[in-house]
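Got your viewer open? Load the model below, set it to cartoon, and keep the selection box handy.

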Amino acid sequence: MAELTPFSYRSGRSILHAMDARFKLLFLILISLASLKAGAWGLPVLSGGLLVMLSVARLSSVAILKELRYFLFLLVVVFTARALTTPGEVVFTLKLMTLTREGLADGILVCWRLLLIVLLGFVLAATTRASEIRAAVEWVLKPIPAVPAKRIGTMMGLILRFIPVIFNQARETAEAQRARGIENRKNPLYRLAKLGIALIRRTFENADRLIVAMESRCYSENRTGPVLIAAKRDWIALLVIMVLILPMIFV
């Protein structure tokens with residue numbers, strides 16, 4: 001049985017679980033835009049709100065950081081690149097590498113924003129069923145002409161369901177390689193390449209099996225989805241988000 005990951009839906013009775021999926025999708029877009037525009041004063045505000053969401057949704061910070069270990073490595077690479085390539089006041093110099101004060105500040109802001117957006121996606125996936133996200137995407141895209149809303153919504157639902165499967169496959173593949181002594185290889189790039197190739201192959205094999213299973217059952221995107229009903233709490237939350245977010249986006 002697949003283990004639960006931060007990308008998996010977790011049932012609950014919190015206010016985040018009860019909110020309309022369309023509003024949560026809109027909140028994700030607005031807060032993501034605000035995080036890209038926010039500066040040193042706006043990011044702490046957004047981060048505080050995110051911590052409140054994680055607490056309300058009862059998501060384990062330790063589990064999230066564990067699942068984010070590869071993404072954190074990517075953030076380190078981004079931070080290093082920003083710190084070494086941004087011109088400004090020199091802090092440290094070693095041969096051809098120059099570390100600047102402006103680069104450090106820019107690297108911290110960029111990594112902070114990226115981490116904030118990813119954690120917001122965690123909150124959305126953990127508090128919203130895949131079927132509700134699919135219905136919300138279809139509702140948003142339905143008025144747009146020449147856009148296959150149902151097909152795109154179905155693709156979104158399948159992606160959300162496949163993310164935990166990919167995480168579990170990565171864990172199983174890594175454990176299998178450790179059992180075969182992969183750790184005896186000191187080159188981390190070799191180990192990463194072996195893990196990536198095996199994981200990609202298993203992912204495509206599972207995707208092919210899923211396609212065959214769906215076709216054999218005459219699966220179609222024309223399915224009746226869940227009914228989305230906006231409540232008073234959704235409009236109140238939208239008003240609060242707009243008051244807090246709009247100044248960060250347009251100022």
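What follows is a short walk through the model, stop by stop.

**The whole chain.** Keep in mind that this is a predicted model. Start zoomed out: the C-alpha trace spans about 65 × 55 × 40 Å along its principal axes. Colour by secondary structure and you should find ten helices and two strands. Reading from the N terminus, the order is α-α-α-α-α-β-β-α-α-α-α-α, with the two strands following one another in the run. Now switch to a surface colouring: of the 251 residues, 34% count as buried. If you like contact maps, draw one here. Among contacts with a separation of 6 or more, 74% are between residues 24 or more positions apart.

**Two helices side by side.** Select residues 21-37, which is helix α2, and residues 42-57, which is helix α3. Their axes come within 9 Å and cross at roughly 145°, and the crossing is left-handed. Show side chains to see who does the touching: I31, A34 and S35 on the α2 side, and L43, L46 and M53 on the α3 side. What is the chemical mix of this contact? Five of its residues are nonpolar, one is polar and none is charged.

**The hairpin.** Next, select residues 90-94 (strand β1) and 97-100 (strand β2). These strands pair in the antiparallel sense, over four bridges. For one of the pairings, click F92, whose bridge partner in β2 is L99. Then look at the turn, where two residues sit between the strands. Check the backbone of K95 there: its phi is positive, near 55°.

**Two cysteines.** Select C111 and C218 and compare their surroundings. Is C111 buried or exposed? C111 counts as buried, because its relative accessibility is 11% and the cut-off for buried is under 20%. C218 has a relative accessible area of 70%, so it lands on the exposed side of the over 50% cut-off. Don't bother hunting for disulfides while you're here: a search of the whole structure finds zero.

**A proline in a loop.** For the last stop, select P148. You'll find P148 in the loop between α7 (130-141) and α8 (149-179). With 41% relative accessibility, P148 counts as partly exposed. Finish with a distance: pick the C-alpha atoms of P148 and A213. These two residues are 65 residues apart along the chain, and your viewer should draw a line of 23 Å between those atoms.

Technical notes. Residues numbered from 1 in each chain as written. Predicted model: local features only at pLDDT ≥ 70, side-chain atom pairs only at ≥ 80, totals over all residues. Heavy atoms only, no water. Disulfide = S-S within 2.5 Å. Buried < 20%, exposed > 50% of the residue type's maximum accessible area, 1.4 Å probe, protein only. Axes fitted to C-alpha atoms, helices over the stretch in contact; angles between N-to-C directions. Left-handed = near helix turned anticlockwise from the far one by under 90°. Contact = heavy atoms within 4.5 Å. Nonpolar A, V, L, I, M, F, W, Y, C, P; charged D, E, K, R; others polar. Pairing = 2+ DSSP bridges.
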